[in-house]
Structures are given as C-alpha cells and as structure tokens.
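Q: I have a model open here and would like to go through it piece by piece. Could you take my questions as they come?

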2 protein chains.
Amino acid sequence: MLKKTGDQSIVFEDPVSILCTASTVGPKEGEGPLASYFDVVHEDIMVGEDSWEKAESTMAKDNFGLVLHKSGLNKKSIDFVLSGDLSNQLTGSTFGVRDLELPFLGIFGACSTFGEGIGLGSILIDGGFAHYVMSGASSHFCAAEKQFRFPLELGTQRPLTSSWTVTGHGAAILAKSGPAPYITSFTVGKIIDMGITDANNMGAAMAPAAVDTLTAHFKDTGRNPDYYDMILTGDLGYVGHEIVSRMMTQEGYTMGSNYSDCGIEIFDREKQDTHSGGSGCACSAVTFSGYLYQQMKKGQLNKILLVPTGALMSPTSVQQNETIPGVAHAVAIENTKGDN
Amino acid sequence: MLKKTGDQSIVFEDPVSILCTASTVGPKEGEGPLASYFDVVHEDIMVGEDSWEKAESTMAKDNFGLVLHKSGLNKKSIDFVLSGDLSNQLTGSTFGVRDLELPFLGIFGACSTFGEGIGLGSILIDGGFAHYVMSGASSHFCAAEKQFRFPLELGTQRPLTSSWTVTGHGAAILAKSGPAPYITSFTVGKIIDMGITDANNMGAAMAPAAVDTLTAHFKDTGRNPDYYDMILTGDLGYVGHEIVSRMMTQEGYTMGSNYSDCGIEIFDREKQDTHSGGSGCACSAVTFSGYLYQQMKKGQLNKILLVPTGALMSPTSVQQNETIPGVAHAVAIENTKGDN
C-alpha cells in the first residue's frame, strides 16, 4: 500500500517523534519578540569568526552539537544528518557538519529547506531506514545580503517589500519512538513560477507556491485550515501573508486568525525596521525549533502546519532576467499521532 | 527491523528497478569514447540559449522530458522528482524542472549528486512512499568554469591535475516493479576533509571521501571489491583514481582492474586534452545513464558499484582559505535482486 495520499502528500504510518530541537540566533533575533525561546543568542553577528560565512558554519556546527547534547544520545546513534542553507554550494551546512563524521545528505529548497529536511528525515524513519535523524538549516543576514543583493557597505536602502534574512540555525532530532510532538504528514511542493522578477519582493514570489502546497495538503488529507491550531508559512512576511490569504479565498479556503508566518512572528515590525518581516532558511527553522516546539511541548499548540517557503533564484538567474520560481513544503506536526 | 546495515549502508528489502535512463551531452562528450551511448549530443554548447546557465537548464528540462517519454509513463505517474547540480542555488535543476509541475525535492552533494538522487529515490520507493521517482543531475563546462575558477575568456592555462567539467544531464526513472537493473544498496557518505586546498586538484580532494565510502560499503555489506564487475568512482580522474587505489590497499582492499572512474571513461586523455579526466555532476550521471546502463541491459556488466564523488567547496570558501571537504555516495546496481 502506497503511503502517499493524493498527488503530493505522505501520511506517515507511524508518526515520527521530534525528540528535541535547538535554536541559535544572532543579535537582531535576540531583540525580537521570540528572544526568550532561543537556546543561544549571539551578541556578535560574527560569532567570533573572521567572515560571515564562517560565522554561519560555526553556528551550524555548534547548534547541531547542542541538539545532540540535549537529546542525550551518543553521536553514533544518529543514522543520518540532513542539512541545507542558502550559501552557494551549501557551505554553511557542509563546513558545519564536516566534524560530525556522520552520513550526510545535502538538501536544498532555498528557505523551504528546513521543511524538506524534517520531511525527508521522517521518510527515512517511517520507511524503516533510520532510528534517529538529525536535520537542520541555517542562514546569515550579512552572508545572504552579500550573496544575493548588495554589499552591505553600500548602505543600499531596502524597499518596504523586502524582508530581513534571519541569522541563525535551527535543528531537530527525529526519532522512531519518543514523546510528542510527532510529524504526521509531509506535503512535497511543486515549483511554481508566476513570473515575479523583483528580488526584493520574495513574499510575492513565494506566495503562489505556498498556496499551491496548502491547497494540495488540504485536498490530499481532507483537512481544512481550521483543523490546525496554527498554520505558519515560512518567510513570506506581511506582503506574502496577505497574498496567500487572498489567493486561498479564491481557492475556496478561508485562512483565519490561526494563519501566520514565521517572518511575521520573529521580528517586531514597528521597532525593528524589518519591513515585510523575516526570511531565510533560518526563519522557519528557528521559529519552529525555538518558539513553536516549546509551545507544543507546553500544550499551548497541539496541531500545527509548518509550511517553509523558498524562492529558487540565484544572483545569476536574476541578472539574466529570469523570473523567480518558488517552492513550499508542508509538514504537519501534532501532539497526538492523529488519525493514524 | 532497521533496513540500515552497519554504519552507513541501506540494503533495500525490495530492490528498486531502474526503468529507463536518458543522457544528453555537449559537443566535447560527443567526441569522446562513450559518444555512441548518449541519447542526445548537442553540437552547440549553448543548446540554442543565450547563456551557459540557461543551456544547462534547457538540457535538464529536455532530458527529463526524454526519460519520461522513454518510460511510456504519464507525467502524473511520477510521484517525486529529485534533482541537483553545481550551480549556485541549484538553478540548473530548478529552472529545468519548473515546467514539469511535479513534487520536487532539491538535493546537493556537488558532483556526488546523481548518487544521492538515485539513492534517495530508492528510499522513497522501498519505503513505500512512491511507485515512480525521476532523478537527475547536470553540469555545464562553461557555467562551472565561470562560477568556480576563471572567466573562460582569460584563456587561463589548466594544470595537469585539473579535470574537465562534463556538459550534460543524466536522468533515471526508478520504479517499484520493473525489469533489471536494480538498485540493491545505498551507502551514504560522510564529509571527509584531508586538508586539500587546491581547487584545481579535485581528484585529490575527493579521493579520501571515496575511500571512506568504499571501505564503509565493503564493511557494511561484507562484500569485497571483486564482488563487482565494475566499480566506478564519479569524477576523480586519473589523479584521484590512483590515490584511491593506493589508499584502499592501505585499508586492506585490493582495487583490481575492475576499478575505474567515470572521469577516466568519458574522455580520451590523449586526444581530448582533458588532463586528469572528466568531472562535474554530469560526469557520473551521463556515464551511468548512457554507457553503464546499456552495458547492464546487454548483460556485459551485471553488478556495478557506482560511487559519485563531490567536492564541497564554493568560490567563497576557497577565497577564505578553507580546505576542500569531499563526500561520496555508493550505489550498488545489479541485474539480479542480489542476496535479498
């Protein structure tokens, strides 16, 4: 019997425990509304390194070390590590993971990477290939601005549609058996391209992909938006959140007050000058690994749908006048094992 | 019962059929010794596009279309597409896949990507999550040189240790049931860094990772190198091939005349001025999808171990004086379902 339901969703036969999480962030995230939920807040955005890229790798390395420590597991118990980030050739992840000496699978879905990682990790466990999988994703504001937009030293003015790449690393250890919360389903996104070309409006570029994946998730599972205590897209910010709400209405689904976006949650729009909100692989990774995971542990939230969203452009593709395709993966996380 | 054997290997309960493959290459590969095995040879390295990057995406798009056509399957039958490449943010893959409108999982292992893709694809099928998975990888000589080394227009002299990035795309459709050959096991590599810093000597940077994965594969499965008709690393070329042979002897394994490297097979060293040999994601992807797959279909080869190898550096990491870590994934492909 195929464990795939509908066109895009996998409903896990034996939902996968999220044994523990760890979150590390930079100074700006440490001044935001979710500050108290993060394990480590670096006051120095360089994290003591001499480049932004090395700072990102060091955060990845240390945060993977932290989640391993929190789990109480021996390193050798981890069957596979899945990791990805925004840096060219995933160096944030590969240099962060190399000292672990564990079987490694590199993944990329731009800022949807954290969703892809915990989804594929659940597949490895539910499929009988692993007992424990460690998965994470990172981004770094300065490294991302340098790579995707303008040298920071230029002091380029950011338009109001732009979002602020989150500096941080979020990680989770998934387990075959363990306490709640559980990953109960994984809806794999298609690449959706509606022709947006503005690299300073990622929310608009990714929103149609989020809508496509949300719609597929609801169709495949027979659920409605109000099934969940909270539905969180990854990093659409205020601009993309509004587009999703409107487009979902056209699709026949009402996204109520239980719909938010990690990019909205992580910064204080008024005080932090972050315009449309937070973005980057770390946006959904640390919002989940810090805030949402703890809310689920306390029972404040019992059923969430995390939908990390990614914009699949590169500086080269933008220079070559390509449009910006998006992708989004939806992961249902629940305190009970669901309908299974 | 865990389907993982030893530290790093998955032995598939029900080996996965490689239903069909397709291979598309550029002009230089079309002048090499494997020319007659490729489905499509482009005489124009631009593939009719106005940039090298678009040429790579177009090859990916067309070659995925070709493998789908060869399979006789309806597009909607494909449960998931896995794809990756060397371009920043995987644009070779994402722009190649976007028109397919199929659930997409982006993967990255530098030039080991094809191995990661067919390995993860087999996991999706053997785990019961998919009936059909399409997987592929690409690279483009000009796009890779521009991105990783020097502008081609400079005419920089290439050292003898350097390899020639293969222009092409290789793709396979994996199926739950179907004819031989079958993917029987998948050994997931660790990141191995022996401190090599020369971005013109990828063979030396990746060889220790290949040795680590080969050793793990033989330990985990209880097999010896002579079990296979052919063992092929991905793109170590002559330099890396020699290092692997020597290091494997130190590990207690004799790599005999059945050990070659896709980078050695794909070009004629004497006539084609390719120095250490071929490299790039497409090197193992097209050598397998073209040459090896047909040799297996004819029964000329019945048991092969394909070990695509990747160098996990970026231009930024090289500029920042980082070493070059490597990774290699081993995929056993056999005409019988093996010991299972």
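Q: What share of the 340 residues in chain A is buried?
A: In this predicted model, buried residues make up 64% of the 340 residues in chain A.

Q: And how much should I trust the coordinates of chain A, what pLDDT does it average?
A: The average pLDDT of chain A is 96, and 99% of the residues score at least 70. For the complex, the predictor gives an ipTM of 0.97 and a pTM of 0.98.

Q: How many helices and strands does chain A have?
A: The secondary structure of chain A comes to ten helices and 16 strands. Its radius of gyration is 18 Å, close to the 20 Å from the globule rule for 340 residues, so chain A is as compact as a globular protein of that length. Taken along the principal axes, the C-alpha atoms of chain A fill a box of roughly 55 × 50 × 35 Å.

Q: What part of the contacts in chain A is between residues 24 or more positions apart?
A: Counting contacts in chain A with a separation of 6 or more, 79% are accounted for by residues 24 or more positions apart.

Q: Switching to the two chains: how many residues does each put into the contact?
A: Chain A gives 53 residues and chain B gives 53 residues. On the side of chain A that touches chain B, helix H1 (52-71), helix H2 (91-97), strand E5 (104-106), helix H3 (113-126) and helix H10 (315-319) each supply at least two residues. The largest share, five residues, comes from H3(A). By class, that side of chain A has 24 nonpolar, 17 polar and twelve charged residues.

Q: What turn lays chain A on chain B?
A: A turn of 180° with a shift of 0.0 Å along the axis lays chain A on chain B with an RMSD of 0.0 Å, which is the relation of a two-fold axis. The copies meet through the same surface, because 100% of the interface residues of chain A are also interface residues in chain B.

Q: Back to H1(A), is it largely enclosed or exposed?
A: H1(A) is largely enclosed by the rest of the structure, since 14 of its 20 residues are buried. Its length also agrees with expectation, because at 1.5 Å a residue the 20 residues of H1(A) should span 28 Å, and its end C-alpha atoms are 29 Å apart. Just after H1(A), A:Gly72 takes a positive phi of about 75°.

Q: Over in chain B, where is B:Gly26?
A: B:Gly26 is in the loop between strand E2 (9-25) and helix H1 (27-30) of chain B. With 29 C-beta neighbours inside 10 Å, B:Gly26 counts as buried.

Q: Which residues does B:Gly26 touch, leaving out those up to four places away in sequence?
A: With that exclusion, B:Gly26 touches B:His42, B:Ile45, B:Phe141, B:Thr167 and B:Gly168. As for B:Met59, which is 33 residues away along the chain, its C-alpha atom and that of B:Gly26 are separated by 9.4 Å.

Q: Last one, what do the buried residues of H7(B) pack against?
A: They pack against helix H6 (202-221), strand E10 (230-233), strand E11 (259-261), helix H8 (262-265) and strand E12 (278-279) of chain B. The buried residues in H7(B) include B:Val239, B:Ile243 and B:Val244. Helix H7 of chain B, residues 237-250, has 14 residues and reaches 20 Å from its first C-alpha to its last, close to the 20 Å expected at 1.5 Å a residue. Just after H7(B), B:Gly252 takes a positive phi of about 95°.

Terms used:
Residues are numbered from 1 along each chain as its sequence is written. Chains are lettered from A and ligands numbered from 1 in the order in which they are written. This is a predicted model: local features need pLDDT of at least 70, side-chain atom pairs count only at pLDDT 80 or more; totals for chains, interfaces and linings use all residues. Two residues are in contact if their C-beta atoms, placed from the backbone, lie within 7 Å. Helices (H or I, at least four residues) and strands (E, at least two) are DSSP runs, numbered from the N terminus. Ala, Val, Leu, Ile, Met, Phe, Trp, Tyr, Cys and Pro count as nonpolar, Asp, Glu, Lys and Arg as charged, and the others, Gly among them, as polar. Copies are superposed by least squares on the C-alpha atoms of residues with pLDDT of at least 70 in both. pLDDT is the predictor's confidence in each residue, from 0 to 100. The expected span of a helix is 1.5 Å times one less than its number of residues. A residue is buried if 20 or more other C-beta atoms lie within 10 Å of its own, exposed if 12 or fewer, and partly exposed in between; C-beta atoms are placed from the backbone. The radius of gyration is taken over C-alpha atoms; the globule rule is 2.2 Å times the number of residues to the power 0.38.
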